[in-house]
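Visitor: I am new to this structure and would like a close look at one strand and its surroundings. Could you pick one, and then show me how the rest of the chain fits around it?

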Amino acid sequence: MLLEVEHRFAFGYDAYISESFLELRVQPKTTGDQTVSSFVLAVGPPTRVHRYLDWNDNVTHHFTITRFHDRIEVASRSVVRTHPAVRTLAELGDAVPAIDLPYGLLDFLAFDGPVKLTPALRAAHKAAAPRSAPLGEHVVALGRYIGSRFEYQKDVTKYDSTTEHFLKLEAGVCQDFAHLMLGLLRLSGIPCRYVSGYLHVERARREASQSHAWIEFWSPSHGWIPFDPTHDRAIDERYVVVGHGRHYDDVPPNKGIYRGVARETLHAEVHTQVSTVTSLPQLTSETRPIPLQTYREAPARRPTSAALPIEDEQQQQQQ
């Protein structure tokens with residue numbers, strides 16, 4: 001499937017700020033399951049954008065604005081061809097836990113950040129994990145447990161909520177489902193990682209959505225294998241991978257800091273559609289300016305149009 005993805009952010013401030021730094025992880029990765037054909041990033045106020053690969057090979061853009069401003073806008077557009085391998089989880093016969101794991105996988109067995117090793121997580125693992133089951137059956141059983149016990153519900157957790165919060169509320173969004181699945185897999189000794197990306201959903205009309213999150217677990221015989229605990233299923237051609245990490249804190253779509261006394265508001269939205277292009281351009285990293293104004297000195301007036309609807313950063317991961 002050939003998919004186009006548009007991802008937009010708008011940050012507004014109720015007073016002029018003198019400096020801001022922003023880091024973005026919005027460019028999809030070329031992996032064994034997808035090929036990125038084109039990527040364009042637009043930033044305003046105009047500034048120089050830098051690019052690097054982080055420790056998980058995620059494409060990361062960052063920039064600094066050093067004059068007074070009251071708004072930042074970011075827009076990205078990607079064209080990605082998805083071609084995931086067909087995998088049947090029940091056929092994975094690897095032993096659990098695996099022995100003699102490569103050193104590089106140990107980070108993906110650790111409990112830190114939002115994935116908390118607590119008595120509640122241990123109790124959930126005891127209830128969910130089958131005994132003496134091979135890897136595929138083990139993952140299927142954990143997915144079935146999460147799907148039957150927890151409800152998808154917006155606005156009950158926050159971007160920094162932990163597995164402890166999710167276990168208590170028994171409701172949350174996709175990043176909560178992913179974090180709990182990571183915790184249960186790691187208690188079973190199965191290396192696993194968080195995946196940030198997009199999920200294309202067919203709609204009758206063009207509507208904004210959000211990013212999505214799922215997980216990948218390690219199979220000694222097959223390598224990294226994706227699974228979506230929010231929907232209790234393997235991925236298909238509608239999924240687009242942006243980044244991998246130990247948890248959400250490694251791959252947020254945006255994070256940054258600013259200098260000034262101001263209240264920040266954020267609006268973000270994602271649009272996906274099946275592409276109609278007949279020929280694919282080569283991958284580009286072109287950066288385009290968005291003509292927003294900056295000032296050497298802070299204007300005397302307070303802006304009246306900078307305020308945006310308040311949306312928790314968690315809504316980057318709510319589809």
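Guide: Let us begin with H7, which stands opposite S76 in strand β6. Please keep in mind throughout that this is a predicted model. H7 also has a bridge partner in β14, and that partner is V270. So much for one residue; now for the strands.

The strand to look at is β1, which covers residues 2–17. β1 pairs with β6 in the antiparallel sense, over 12 bridges. It also pairs with strand β14, residues 264–274, again in the antiparallel sense and over 11 bridges. Of the 16 residues of β1, 13 are buried, and the strand is mostly covered.

Follow β6 next, and stop at V80, which lies in that strand. V80 is buried because its relative accessible area is 0%, and buried here means under 20%. What does V80 touch, leaving aside its neighbours within four places in sequence? V80 is in contact with M1, L2 and L3, with P28, with Q34, T35 and V36, and with V240. Two of these contacts, L2 and L3, fall within the residue range of β1. For a contrast between sequence and space, take V80 and A110: they are 30 residues apart along the chain, and their C-alpha atoms are separated by 32 Å.

Beyond the end of β6, in the loop between β6 (69–82) and α1 (119–128), you will find P97. A cis peptide bond joins V96 to P97, with an omega of about -5°. Another cis bond joins G44 and P45, where omega is about 5°. P45 sits in the loop between β3 (34–44) and β4 (49–53). Most peptide bonds are trans, and most residues other than glycine have a negative phi. That makes a good moment to look at two aspartates. D57 is a residue other than glycine with a positive phi, near 60°, and its place is in the loop between β4 and β5. D155 has a positive phi too, near 70°, and is found in the loop between β7 (151–152) and α3 (163–169). D155 is exposed, because its relative accessible area is 60% and exposed means over 50%.

From the loop that holds D57, step into strand β5, residues 59–65, where H61 lies. H61 is buried, with a relative accessible area of 2%. Not counting residues up to four places away in sequence, H61 touches L22, E23, L24 and Q27, then F39 and L41, and also V49, H50 and R51. H61 and R25 are 36 residues apart in sequence, and 6.6 Å apart in space from C-alpha to C-alpha.

One more strand is worth a visit: β9, residues 192–199. Because 8 of its 8 residues are buried, β9 is largely enclosed by the rest of the structure. It pairs with strand β10, residues 212–219, in the antiparallel sense over 6 bridges. Within that pairing, H212 in β10 is the bridge partner of G197. β9 also pairs with β12, residues 239–245, antiparallel and over 6 bridges. There, Y194 stands opposite G245 of β12. The residue range of β12 takes in V240, one of the contacts of V80, which links this region back to β6.

Now step back and view the chain as a whole. Its secondary structure comes to 4 helices and 15 strands. The radius of gyration is 21 Å, close to the 20 Å that the globule rule gives for 319 residues, so the chain is as compact as a globular protein of that length. Along its principal axes, the C-alpha trace spans about 70 × 50 × 45 Å. Of the 319 residues, 52% count as buried. Among the contacts with a separation of 6 or more, 79% come from residues 24 or more positions apart. On the outside, the chain exposes about 14,800 Å², and carbon and sulfur atoms supply 50% of that area. Finally, the chain has 34 positive and 38 negative charges, and the mean positions of these two groups are 3 Å apart.

How values were computed:
Residues numbered from 1 in each chain as written. Predicted model: local features only at pLDDT ≥ 70, side-chain atom pairs only at ≥ 80, totals over all residues. Heavy atoms only, no water. Buried < 20%, exposed > 50% of the residue type's maximum accessible area, 1.4 Å probe, protein only. Contact = heavy atoms within 4.5 Å. Rg over C-alpha atoms; globule rule 2.2 N^0.38 Å. Areas by Shrake-Rupley, 256 points an atom, 1.4 Å probe, with all protein chains shown as cover. Lys, Arg positive; Asp, Glu negative; His and termini not counted. Charge placed at Lys NZ, Arg CZ, Asp CG, Glu CD. Pairing = 2+ DSSP bridges.
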